[in-house]
Amino acid sequence: MIASFIMVTLDGFFDGDQPWDLSWHRTDEEFNDFASKQLDEFDALVFGRATYVGMAQYWPTEDAVKTDPEVAGRMNDLPKIVVSRTLEKPEPAWSNTTLVKDATELGSERRNLLVLGSAVLTTSLLEAGLLDELRIMVNPVLIGSGRSLAASAKGPIALTLRARREFGNGNVLLTYAPGS
């Protein structure tokens, strides 16, 4: 199974005008518990190049381990795959990471994979018919502009709602399967 998890604003942006401005993310103890349990469902993590760079610069740090030891431990211990046509090796280095040049190679994996963030990669996996589940956590905030989840889509992508979960902080997790 290949699933993707991404946080978006109510107006559909996963990132603001300033890259990696995630100040609008609503995270708390309930979210962190969800994040830990979600990571336990999967055998490996998958990132597009840009998301990988940001994650690799944060999760191995002392600050990440101090702020959120459970999630940091899982993020650092799980096998990681970075999908990039431009990288020659995973940079910056992050433990247990391999490089894949083409997203279609993920279809031959025999593990449960979780794509984190990586909107362009998520969209390409949807369009290639390789994504089994899309988990979108909608944060109750409007930021007005930024980068849209499906900005790279070549056309409409039909989805079917499979589950919905409300969080105490106002976040709503919507779980979709591809198709109508």
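Good morning. I begin with a pair of helices: H1 passes H4 in a left-handed crossing. The structure under discussion is a predicted model, and I shall take this helix pair before turning to the sheet and the loops.

Two packed helices are described by the angle between their axes and the distance between the axes. Here, the axes of H1, residues 29–40, and H4 come within 9 Å and cross at roughly 25°. Angles under 35 degrees count as roughly parallel, and H1 and H4 are therefore roughly parallel to each other. Which residues make the contact? On the H1 side they are Asn32, Ala35, Ser36, Leu39 and Asp40, and on the H4 side Glu70, Val71, Arg74 and Met75. By character, the residues of this contact between H1 and H4 divide into four nonpolar, two polar and three charged.

I turn now to the sheet. What is the order of its strands? The sheet is open, has eight strands with mixed pairing, and reads S5-S4-S3-S6-S1-S7-S10-S9. Its edge strands are S5, at 97–100, and S9, at 159–166, each of which pairs on one side only. From one strand to the next, the twist averages 25°.

Within this sheet, strands S3, residues 44–48, and S4, residues 80–83, run parallel and are joined by four bridges. In that pairing, Val46 of S3 stands opposite Ile81 in S4. Helix H4, residues 69–77, returns at this point, since I wish to relate the helix pair to the sheet. H4 packs on the sheet and touches S3, S4 and strand S6, at 113–116. The direction of H4 makes about 70° with that of S4. H4 thus has contacts on two fronts: with the sheet and with H1.

Next, the loop between S4 and S5. Most residues other than glycine have a negative phi, and most peptide bonds are trans. Two features of the backbone deserve attention against that background. Pro92 lies in this loop, and the peptide bond from Glu91 to Pro92 is cis, with omega near -5°. Asn96 lies in the loop between S4 and S5 as well; its phi is near 65°, a positive value in a residue other than glycine.

Finally, the protein as a whole. Its secondary structure comes to five helices and ten strands. The radius of gyration is 15 Å, close to the 16 Å that the globule rule gives for 180 residues, so the protein is as compact as a globular protein of that length. Along the principal axes, the C-alpha trace spans about 40 × 35 × 30 Å. Thank you for your attention.

Definitions and conventions
Residues numbered from 1 in each chain as written. Predicted model: local features only at pLDDT ≥ 70, side-chain atom pairs only at ≥ 80, totals over all residues. Heavy atoms only, no water. Pairing = 2+ DSSP bridges. Axes fitted to C-alpha atoms, helices over the stretch in contact; angles between N-to-C directions. Contact = heavy atoms within 4.5 Å. Parallel < 35°, antiparallel > 145°, perpendicular 65-115°, else oblique. Left-handed = near helix turned anticlockwise from the far one by under 90°. Nonpolar A, V, L, I, M, F, W, Y, C, P; charged D, E, K, R; others polar. Rg over C-alpha atoms; globule rule 2.2 N^0.38 Å.
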